[in-house]
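Trainee: I am new to this structure. Can you walk me through it?

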Amino acid sequence: MTASGPGFISLQVREIDRAAAFYEHYLGLTRQAGPPHAIVFNTTPAAFAVRAALPGVDLDAVGQLGFGVGLWLHAPDAQAIHDSLVADGIRITAAPVDGPFGRTFTFADLDGYQITLHDRA
C-alpha cells in the first residue's frame, strides 16, 4: 500500500479567528464547513485549516512554530500577494525569486509559521 499525498493540512494557532481573517484577507481563502475547533478553507488538492492548539500544547513554549517544515501554497499572482503583505508590514522571510515553481517567496504569518507562495501550478 502507498500513500497518495497530503489530504489535509492544519496549523495550530493562538487565535483562530484572527488567523483565519489573515488568510482570508491576504490569500483570498474562503471557508468551508468544519469542526468547531478549526476553520477549514476550501483549498485544493488538500484542505487547509487553522485550528486551536491540541490539549497540552503550549504554542508559546515551543519556539518557532513549524520550524523545519516547508508549507508551500499555490497562488496565481504571488507577486501581488507579496506586495500586499509588504504594504501592511508583514514580515517577508525570503524575497521573491523566479525559479522552477514560478515567482516564489516566503512570509511569516501571525503565529510565525513560514509560508511559501509560488505561482506556477
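What follows is a short round of questions and answers.

Mentor: Start with the ground rules. This is a predicted model, where local features need pLDDT of at least 70, side-chain atom pairs count only at pLDDT 80 or more, and totals for chains, interfaces and linings use all residues. Residues are numbered from 1 along each chain as its sequence is written, and side-chain values use heavy atoms, with hydrogens and water left out.

Trainee: In what order do the 4 strands of the open sheet lie?

Mentor: Strands (E, at least two residues) and helices (H or I, at least four) are DSSP runs, numbered from the N terminus. Two strands pair if DSSP finds at least two bridges between them. The pairing in this open sheet is mixed, and the order of its 4 strands is E1-E4-E3-E2.

Trainee: Which are the edge strands?

Mentor: An edge strand here pairs on one side only. The two are strand E1 (8-13) and strand E2 (31-32).

Trainee: Do E1 and E4 run parallel or antiparallel?

Mentor: Strands of a sheet pair through backbone hydrogen bonds, and either direction can occur. E1 and E4 are joined by 6 bridges. In one pair, Gln12 has Arg51 in E4 as its bridge partner. The two strands run parallel.

Trainee: How many residues lie between E3 and E4 in their hairpin?

Mentor: E3 and E4 run antiparallel, joined by 4 bridges. Val40 has Ala49 in E4 as its bridge partner. The number of residues between the two strands of the hairpin is 5.

Trainee: Which peptide bond is cis?

Mentor: Look at the loop between strand E3 (38-41) and strand E4 (47-52), where Pro45 is found. The omega angle is near 5° for the cis bond from Thr44 to Pro45.

Trainee: How many residues of E4 are buried?

Mentor: Buried means under 20% relative accessible area, exposed over 50%, and partly exposed in between (1.4 Å probe, protein chains only). E4 is mostly covered. The count of buried residues is 5 of its 6.

Trainee: Why does Thr116 count as buried?

Mentor: Thr116 sits in strand E8 (residues 114-118). Contact means heavy atoms within 4.5 Å. Beyond its neighbours within four places in sequence, Thr116 is in contact with Leu71, Trp72, Leu73, Thr104, Phe105 and Thr106. Thr116 counts as buried because its relative accessible area is 8%.

Trainee: Which side chain does the side chain of Thr116 join in a polar contact?

Mentor: A polar contact is a pair of N or O atoms within 3.5 Å; within protein, one must be able to donate a hydrogen and the other to accept it, and residues adjacent in sequence count only if both atoms are side-chain atoms. The distance here is 2.7 Å, and the partner of Thr116 is Thr106.

Trainee: What is the relative accessible area of Ala78?

Mentor: Ala78 lies in helix H2 (residues 78-87). Not counting residues up to four places away in sequence, Ala78 touches Arg103, Phe105, Leu117, His118 and Asp119. Ala78 is buried, and the value is 0%.

Trainee: What distance separates the C-alpha atoms of Ala78 and Gly102?

Mentor: Along the chain, Ala78 and Gly102 are 24 residues apart. In space, their C-alpha atoms are separated by 8.9 Å.

Trainee: How many salt bridges does a search of the whole structure find?

Mentor: A salt bridge is a side-chain nitrogen of Lys or Arg within 4 Å of a carboxyl oxygen of Asp or Glu. One of them joins Glu24 and Arg31, at 2.7 Å from N to O. The whole structure gives 4.

Trainee: Which residue forms a salt bridge with Arg14 at 2.6 Å?

Mentor: Arg14 is partly exposed at 38% relative accessibility. Its partner is exposed, with a relative accessible area of 60%. At 2.6 Å between the closest N and O atoms, that partner is Asp60. The pair links distant parts of the chain, 46 residues apart: Arg14 in the loop between E1 and helix H1 (16-27), and, in the loop between E4 and strand E5 (71-74), Asp60.

Trainee: Which residue forms a salt bridge with Asp98?

Mentor: Asp98 is exposed, at 63% relative accessible area. The closest N and O atoms are 3.1 Å apart, and the partner is Arg103.
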